[in-house]
Amino acid sequence: MTVSAMYPGTFDPITLGHEDLVRRATILFDRVVVAIADNPGDKAPMFTTDERVAMAASALEDIDNVEVVGYQGLTVDFARDNGLRVIIRGLRAVSDFEYEFQLANMNRHLTDEVETAFLTPTEKYTFISSSLVREVAELGGDVSEFVSPKVRLALFERCGRA
């Protein structure tokens, strides 16, 4: 039996921490879909959905069993409609757990066809978040340790530093 999973998020932008989780997830699952949310809720993305999809696809292009797509609506609906049995969620710190636990339980309430799997990042990525990377880039800091070179360039261009 093949098991396909999705790793949903806004990925604004995709970081090396995200990449780390995707690469490790490809060892566990036959197919991993990085699903970029077009409805970020209360977040105001720096990049459009199409830009985020392009950046993530570029950062992950060397991995055969990864697909990057944008999506709208409920994550569990997207998963179920696309035959994705597992939702991958990253836990960087204990503070992430409460929200992720609530989200996993809500998803389980909405459908029993999709499970949630939690992965923790490699230690050197535990402090990295897209919002912190955006802030550092906006304030002129060096983000090369946190994102791929193409994502770094996109951030610099967006911040008027290219």
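**A walk through the fold, from a helix pair to the cores**

Let's start with Asp77, which is partly exposed, with a relative accessible area of 28%. That puts Asp77 between the cut-offs for buried, under 20%, and exposed, over 50%. One thing to keep in mind throughout is that this is a predicted model. Asp77 has a salt-bridge partner in Arg80, and the closest N and O atoms of the two are 2.6 Å apart. Arg80 is partly exposed too, with a relative accessible area of 29%. Both residues sit in helix α3, which covers residues 75-81, and they are three residues apart, or about one turn of the helix.

How far can you trust the coordinates? The chain has a mean pLDDT of 93, with 97% of its residues at 70 or more. Confidence is highest in β3, at 98, and lowest in α4, where the mean is 91.

Now for the sheet. It is open and made of five strands, running in the order β3-β2-β1-β4-β5 with parallel pairing. Which strands stand at the edges? They are β3 (66-71) and β5 (115-119), and each has a single partner strand, so one side of each has no neighbour in the sheet. From one strand to the next, the twist averages 30 degrees.

Take a look at the β5 end of the sheet. Strand β4, residues 86-90, pairs with β5 in the parallel sense over five bridges. One residue to pick out there is Arg89, whose bridge partner in β5 is Phe118. Helix α4 (residues 94-110) packs on the sheet here, touching both β4 and β5, and its direction makes about 170 degrees with that of β4.

Arg89 is also part of a side-chain link to that helix: it meets Glu100 in a salt bridge, 2.7 Å from N to O. Glu100 belongs to helix α4 and Arg89 to strand β4, so the pair ties together parts that are 11 residues apart in sequence. Are these two buried or exposed? Glu100 has a relative accessible area of 8%, so it counts as buried. Arg89, at 17%, is buried as well, because the cut-off is 20%.

The salt-bridge count comes to 10. Another of them joins Arg134 and Asp12, with the closest N and O atoms 3.5 Å apart. This one links distant parts of the chain: Arg134 is in helix α5, while Asp12 is in the loop between β1 and α1, 122 residues away in sequence. Both of these residues are buried. Elsewhere, Glu19, Arg23 and Asp62 are linked in a salt-bridge network.

Stay with Asp12 for a moment. Ser130, in helix α5, is in contact with Asp12 as well as Phe11, Pro13, Thr15 and His18, once neighbours within four places in sequence are left aside. Ser130 has 13% relative accessibility, so it counts as buried. Ala44 can be placed relative to Asp12 too: the two are 32 residues apart in sequence and 9.4 Å apart in space, C-alpha to C-alpha. Ala44 lies in the loop between β2 and α2, and at 67% relative accessibility it counts as exposed.

Next come the nonpolar cores. In soluble globular proteins, nonpolar side chains tend to be buried together. Here the largest nonpolar core has 36 residues, and those with the most contacts inside it are Val34, Leu60, Val66, Val68, Ile88, Val143 and Leu155. Who contributes two or more residues to this core? On the strand side, β1 (4-9), β2 (31-37), β3 and β4 do, and on the helix side α1 (16-28), α2 (49-59), α5 and α6.

Leu60 is a handy place to see this up close. Not counting residues up to four places away in sequence, Leu60 touches Ile14, Glu19, Val22, Val34, Val66 and Val68. Another core lies apart from the largest one; it has 12 residues, among them Val69, Tyr71, Phe78 and Leu84.

Finally, Glu19 turns up again beside Ser148. That serine lies in the loop between α5 (130-138) and α6 (149-158), and it is buried at 11% relative accessibility. Leaving aside neighbours within four places in sequence, Ser148 is in contact with Glu19, Leu16 and Ala59.

Definitions and conventions
Residues numbered from 1 in each chain as written. Predicted model: local features only at pLDDT ≥ 70, side-chain atom pairs only at ≥ 80, totals over all residues. Heavy atoms only, no water. Pairing = 2+ DSSP bridges. Helix = DSSP H or I, 4+ residues; strand = E, 2+ residues; numbered from the N terminus. Axes fitted to C-alpha atoms, helices over the stretch in contact; angles between N-to-C directions. Contact = heavy atoms within 4.5 Å. Buried < 20%, exposed > 50% of the residue type's maximum accessible area, 1.4 Å probe, protein only. Core = buried A, V, L, I, M, F, W, Y, C linked by side-chain atoms within 4.5 Å. pLDDT = per-residue confidence, 0-100. Salt bridge = Lys/Arg side-chain N within 4 Å of Asp/Glu carboxyl O.
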